[in-house]
Each structure stands twice: as structure tokens, then as C-alpha cells.
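Work through these exercises with the sequence and the 3D view side by side. Try each task before reading its solution.

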Amino acid sequence: MITREPYYCPECTSMFARWGYKGLSFCQQVGQALLVALRAIVYIPLMFSKRNRHEVWYQLFFTGIKSLPVISVVALFTGMIFAVQTGIELARFGQEVQVGGAVTVVMLREMGPFMTGLIIAASVGSSISAQLGTMTVSEEIAALEIMSIDPIRFLVMPRMIALLVMMPLLTLYTDLLAVAGGAIIGVTQLGVEVQAYLDNAVLYAELKDLYTGLFKALCFGFIICAVACHEGFTTTGGAVGVGKATRSTVVISFLVILVTGFILTKMFYN
Amino acid sequence: MIKFENVIKEFGKVPVLRGFNLHIRKGETISLVGTSGAGKSVTLKHMVRLLTPTTGDVLIDGTRINDLNGEELGKIRSRFGYLFQSAALLQWLTVYENVALPLRENTRMSEKEIHKKVDAVLQKVGLEDAAEKLPASISGGMQKRAGLARAVVTEPDILLYDEPTSGLDPVTSRTIDELIHKLQKDLGVTSVVVTHDMISALTISDRIAMLHQGEVVEVTPPNEFLHSKNEIVRGFLDSQCIHTEFFEDFPERILK
């Protein structure tokens, strides 16, 4: 049951009791968000059924294709900026040719999934949260539940699929475009040959870098969906509440993505 | 059919229902009236377990629904049609798709059968020309009628109306009243109507229950309600300029 009764924190006289309740409430919220996300994953086998197909396709389009323009600009310029900065330092040692390797490795391992995750959290995550939040405050979610339509299957599952599929694909796209942006700077500003740039990129980058980056992207997609849906479903207080939920979605997603990214990096590269 | 037994509901430390008792009979139309904060909408939400009592029981045909979950709760809910105060239509679906939604999701009917049924219901509520419009592009009264069509399309046993005439002009309000009355007669359902609108309550109800501070203070047929000596009832009627003499000559339909 998604429609929940309002949560009231008991009045606490002691500061420790208040912190304790806040801690418990936080754990409860994390648990609820995870449960919603995991239940959406359980529904994934139903994605091709007649009643879900259309919504799944729409969400794939919305998350993937609609995000391409902003991701293209950010990826290209990230690669160019990184190439300029590393190029300046490498030029001091006469090692401009190494710029291809530096850009590729950094993008595959860290910057690609991070940049994509942050952009998708800010664009798609906030949109999911605002839509579900508006539906919650206008009782549309309650209406679905009374009609015996599970909001998790009807609303969360298509968004979860879209994020799990599109995050790795968009990350790959970001990586490629950033490497291309680095090449533009390498060739035009640093005087590196295209072939030398590409050879250097392939020399330093490993398949493991690509896999770990894509795995991180998959995890970030799951995080964005869990946070956005939870914030949307727990929205209260009309338009102001929807605004707060949207803001919380972006802030919490950013923080959780950064912390998770660090943990995964430690796991794979310790 | 629907029974509230000593239901107490508290939000935090604030009591909303205080030992609420009410028995709604099969096939009747009962209106819950009272001032804002009296607990009318909270009562309605308990019937479909959108809210759970702090203590006490809510029974539907003898089944205690307080602890029901999953499939059992789904079965009970499938017996209800619910018209929300805001109509609660899905904004990205057309009126037709909104009404067809519960049939597409919960039945094995073919598109052709669904089309036939939805058309018939839309015709009943006078929305056949607005079928392809989005909720945002139709008026409040039309949204309520679309919500009503969605509520009745699955042929439920029980219809719950949360302030069906609030925010509507008097003419549209009376149209909605007539529609509720007509649906009740045609389908023979049990109806529970939460309203502030006494004209509406007097028009469509078999019984009217007056709620005050989370308790039922009077449950009587409309004509007895008009002559009630209860101070809270009298105050509520007077506040809406409902005077007994004014209703003496009203047509039979108004007072049933």
C-alpha cells in the first residue's frame, strides 16, 4: 500500500531521544524507498505485457532520447575542459601525447557515470518526483489503489526499467563524446595527431574500466529511481510539498551517488 | 453492510474520530454532513482502508478490514467506487482512457467490449462529446462527472462520494445530485455521500448522519432531520438558511 498515513514524531523532551527518533525515521524512510524499488524490480518480467508496454516505451524515450541534447553538450565540454587542463600540465614535461589516455581513463572510470548520474538525477529524477508528488497530493495515487491498480507496477516499474537500461547506455555515450571532445583539443590546441591520441587512449584504458563505469551507472539509475519515487509518494502539503520533494530528490540523489561512487571505486580499485 | 464499531482515530495527539458508531444498510443512500474537521472524509477513507482506525473496527459485510492487505484488501476495494473531491483523474489520459482504465487493468474484457461499456457510461453522465479530451481541458463539473463515470464503470456494490458538489455552481451541483440519484436508482448500489451541501443531502439521501467533533450526533431520514430538535443539527441547518417551512411544499423527490 503506497498511500500512507501521516507520520507523527512523538514529542521528546530529551535531545538524545529526539535524535533517536530522527535516526529511526531515517532508517524507516531508507527501508521504504528500497522496498518500493525492489518491488518495481520484481514486476520487471511484466514489462512486455500489453498493459505495460506502451508506458515502458514512453519512459525509455523520455529518459534516453530526451536527455541526449543536454548530455551531449555536457559530455563534449567536460572532455574538452579536461583535455585543456591536463594538456597544460603535460606540455610542461613534453608529454602532450598522453592526453588521450588521461581523458579516456578518467571518463570511463569516474567522470562518465558521475556526470550522467548527476544530469539524469537533476532532469529525470526531479521530473519523476514532481509527477508522483503531484499525483499523491491530488489523490490520484489513492484513486489507483482503490481501483486495485498497484502504483508500483503502473508507475514505478516503467521508470525503473528506463533508468536501468538508459543509464549505462547514456554513460557509454558520455564517455565517447568526452573522448571526442578531448581529441578536438588534443589535435587543435596541443598538436597531437588523431592516431596518436587514439592509440594512447586504447593503451591506457582497460576493459575493466569500462565495465566498472557501466556497473556504477546501473547502480546510479537504481538510486535515482528509488529516491525520486520515494520522495514523490511521500509528498504532503500541496504545491509547496511538491517543490520540496523535487529539491530533496536532487539533493539526496547527488549525495547518495557520490557516496556510492566512492564505495564502488574502493571495491574495484583497492 | 458497512459498520463502524467504536472507531477512534487519532493523528498524532489530535483525535478526529472519537468512539464513532454507524451502521450503513445495504442499498441505502446515506449522507454524512457536518462542519469542516468533523471527520466526514476520514470516515469515508476508513471504508476503503486508506486510513486504519487507532482503535475500534470497520466491518464490510461482517469482514473486519482493519488488518487486511494484498489480495484480500484488493477484493474488498473492488466492491467500491470512489468519487474524490478533486475527481483524481489521471492527467495524461483522456476522459475515455480514464474511465476505461479500471476495466483494462482489472478485467479480461476485449477492447471492443470496453469501448461499448465506456461509451454507455459516458452517455449516462452526459460526457459522450468530451471522451477524447484531457481532464485539464474540461470544466470542474465535467471532471466530477468523468470521475463518477470511472467510479461506476466496474459496477461496484458501494459508491463513496467525497464532496461531489463542492466548488461547483448551484446548477451543476443539482445536475450532479440528479446523476447520483439516477445511478442509485438504476444500479441499486449502497451510496455514502460526504457533503456540506444540505440541499444536496436532502435531495439524494435516505438517511442523513450529522457528525460533530468525530461523533455521530443524529442519524435520521431527511424529513425528520429537518425537524430535529438537536441543537447541533439546528445550528447547521440555520447556518445554511435551511428552514423547515421552506421545504414543506418541495416536490416529493426532494424529501423522498
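The exercises below concern a predicted model.

**Exercise 1. Describe the make-up of chain A.**

Solution. Step one: count the elements. Chain A has nine helices and zero strands. Step two: read them in order. The pattern along the sequence is α-α-α-α-α-α-α-α-α. Step three: take the extent. Along the principal axes, the C-alpha atoms of chain A fill a box of roughly 65 × 55 × 35 Å. Step four: look at burial. Of the 270 residues in chain A, 44% are buried. Step five: look at contacts. Among those in chain A with a separation of 6 or more, 87% link residues 24 or more positions apart.

**Exercise 2. Decide whether A:G191 is buried or exposed.**

Solution. Start with its place: A:G191 sits in the loop between α6 and α7 (194-204) of chain A. Next, count neighbours. A residue with 12 or fewer C-beta atoms inside 10 Å is exposed. A:G191 has 12 such neighbours, so A:G191 counts as exposed. Finally, check a distant part of the chain. A:V97 is 94 residues away along the chain, yet the C-alpha atoms of A:G191 and A:V97 are separated by 8.5 Å.

**Exercise 3. Lay out the four-stranded sheet of chain B.**

Solution. Write down the order: β2-β1-β4-β5, an open sheet with antiparallel pairing. Now find the edges. β2 and β5 (63-64) of chain B each have a single partner strand, so one side of each lacks a neighbour in the sheet. Then go through two of the pairs. Strand β1 (residues 2-11) and strand β2 (residues 14-24) of chain B are joined by seven bridges. One of the pairings puts B:F11 with B:V14. Two residues lie between these strands in the hairpin, and B:G12 takes a positive phi near 65 degrees. On to the other pair: β1(B) and strand β4 (residues 55-60) of chain B share five bridges. Here B:F4 has B:V58 as its bridge partner. Last, add the helix. Helix α1 (residues 40-47) of chain B lies across β1, β2 and β4 of chain B, at about 60 degrees to β2(B).

**Exercise 4. Do likewise for the six-stranded sheet of chain B.**

Solution. The order is β6-β7-β8-β3-β9-β10, in an open sheet with mixed pairing. β6 (80-83) and β10 (215-220) of chain B stand at the edges; each has a single partner strand, so one side of each is left without a neighbour in the sheet. Neighbouring strands are turned by 15 degrees against each other on average, direction ignored. Strand β9 (residues 207-212) of chain B pairs with β10(B) in the antiparallel sense, over five bridges. Within this pair, B:L211 is the bridge partner of B:V216. Helix α9 (residues 231-239) of chain B lies across β3 (29-33), β9 and β10 of chain B, at about 100 degrees to β9(B).

**Exercise 5. Show how the chains meet, then examine the largest nonpolar core.**

Solution. Begin with the contact: 14 residues of chain A touch 19 residues of chain B. On the chain A side, helix α5 (residues 140-146) supplies the largest share, four residues. That side divides into seven nonpolar, three polar and four charged residues. Now turn to the core. The largest nonpolar core has 139 residues, and A:I224, A:C229, B:V99, B:A149 and B:L160 touch the most other members. Helix α6 (residues 151-188) of chain A gives the most to this core, with 16 residues. Finish with B:V99. Beyond its neighbours within four places in sequence, its contacts include B:V118, B:L122, B:A149 and B:V153.

Terms used:
Residues are numbered from 1 along each chain as its sequence is written. Chains are lettered from A and ligands numbered from 1 in the order in which they are written. This is a predicted model: local features need pLDDT of at least 70, side-chain atom pairs count only at pLDDT 80 or more; totals for chains, interfaces and linings use all residues. Two strands pair if DSSP finds at least two bridges between them. Axes are lines fitted to C-alpha atoms, for helices over the stretch in contact, and angles run from 0 to 180 degrees between N-to-C directions. Two residues are in contact if their C-beta atoms, placed from the backbone, lie within 7 Å. Ala, Val, Leu, Ile, Met, Phe, Trp, Tyr, Cys and Pro count as nonpolar, Asp, Glu, Lys and Arg as charged, and the others, Gly among them, as polar. A nonpolar core is a set of buried Ala, Val, Leu, Ile, Met, Phe, Trp, Tyr and Cys residues joined through C-beta atoms within 7 Å. A residue is buried if 20 or more other C-beta atoms lie within 10 Å of its own, exposed if 12 or fewer, and partly exposed in between; C-beta atoms are placed from the backbone.
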